[in-house]
Amino acid sequence: MLQIWALAGIGEISPGADLVEVIADAAGDTLRDGDIVVVTSKIVSKAEGRILRADDREDAITRETVRLVASRTSPAGHVTRIVENRLGIVAAAAGVDASNTPEGTVLLLPEDPDASARAIASGLRLATGAHVGVLITDTLGRAWREGQTDHAIGAAGVHVFEDLRGTTDAEGRPLVVTLPCVADELAAATDLVKGKAARLPVAVVRGRADLVGDLDLPGARSIVRPAERDMFALGSDEAYAAGFAAGRAAGDSAAESAD
C-alpha cells in the first residue's frame with residue numbers, strides 16, 4: 001500500500017540551515033527503511049544561499065538561461081520565456097522563483113540538485129539509521145497541457161525510472177518502450193499533500209521500497225532528454241523564423257552565384 005504524508009513543523013529556512021537536522025527533527029522516529037523523502041527545491045535553494053538580489057526578475061532569468069526555446073508576449077505586455085537552464089531543464093523562467101522570497105530578491109534553483117539530494121540522503125541515513133532515498137522537486141509546466149505539476153530535479157538513492165521494457169502487458173504482449181519516470185510520478189503525488197501555500201515543504205512516501213537503492217544510482221539529471229534526441233528544440237514561431245531565415249539566406253546565396 002502506498003502512503004504519502006507531509007512532515008509538519010518545518011519553519012522558514014535561512015541560508016546555512018542544516019536540512020538534514022531540520023528534516024530528521026520533523027520526522028522524529030517515523031522514518032523506515034525504504035521510505036523516500038521528497039523535498040521541495042525552494043528550501044534547498046534557501047539553505048544553500050541561492051538567493052539573488054535582483055530588481056528585475058528578467059535579468060536573473062537571462063543569467064540562468066542557456067538556450068531560448070520560445071518566447072511569447074501577452075496582450076497585456078507580459079513576456080513568458082521557455083528556456084533551457086544550466087541544469088538542462090526546459091522550463092518557464094529558467095526556474096527563477098520570486099514567490100515567498102524577500103522583496104527585491106529571487107530564488108535560483110540549487111547549483112547541483114543531485115549533489116544536494118545525495119548530501120541529504122547520506123545525512124538522513126546516518127542520523128536516523130533508516131535506508132531512505134531522497135528526491136528534490138520543482139514545479140514545471142508540460143508541453144501541450146495546461147497547468148503545472150511537480151517534477152524531480154534531484155535524486156539520490158532512488159531508481160528514477162522503472163524499466164518495464166522486455167516484460168509483457170496483461171495480454172501477454174511484449175513491452176518495448178515502456179519506461180515510467182517514477183521519480184516524476186512520486187514528485188507529483190507528494191505535491192498533493194505538500195501544497196503550495198501550506199508551508200509543508202517535505203513529504204514522505206512509503207510503499208515503494210523497491211525503488212530505494214545505493215546513493216550512486218543515476219540522479220535526476222538522467223531524466224533530461226539529450227539534445228540529439230530532442231524533437232521539439234524550438235517553439236513553433238521560433239522554428240518558422242529560423243527556417244525562413246535559412247531559406248532566405250540560401251536564396252540570396254543562389255542569386256549571387258547566378259550573377
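Where is the place of Met231? Met231 sits in the loop between strand S10 (202-206) and helix H6 (236-258); helices (H or I, at least four residues) and strands (E, at least two) are DSSP runs, numbered from the N terminus.

A quick word on the model: it is predicted, so local features need pLDDT of at least 70 and side-chain atom pairs count only at pLDDT 80 or more, while totals for chains, interfaces and linings use all residues. Residues are numbered from 1 along each chain as its sequence is written, and side-chain values use heavy atoms, leaving out hydrogens and water.

Back to Met231: its relative accessible area is 71%, so it is exposed (over 50%; buried is under 20%, partly exposed in between, with a 1.4 Å probe and protein chains only).

Another loop residue is Arg32, found between helix H1 (19-27) and strand S2 (36-40). Arg32 is exposed as well, because its relative accessibility is 52%. Setting aside neighbours within four places in sequence, Arg32 is in contact (heavy atoms within 4.5 Å) with Ala130, His131, Val132 and Arg206. Its C-alpha atom is 9.6 Å from that of Ala209, though 177 residues separate the two along the chain.

Now for some strands. Two strands pair if DSSP finds at least two bridges between them, and these pairs run antiparallel:

| Strands | Bridges | Residue with positive phi |
|---|---|---|
| S4 (residues 65-73) and S5 (residues 79-85) | seven | Gly77, near 95° |
| S5 and S6 (residues 90-92) | three | Gly88, near 90° |

In the first pair, Arg67 stands opposite Glu84 of S5. In the second, Val83 has Ala91 of S6 as its bridge partner.
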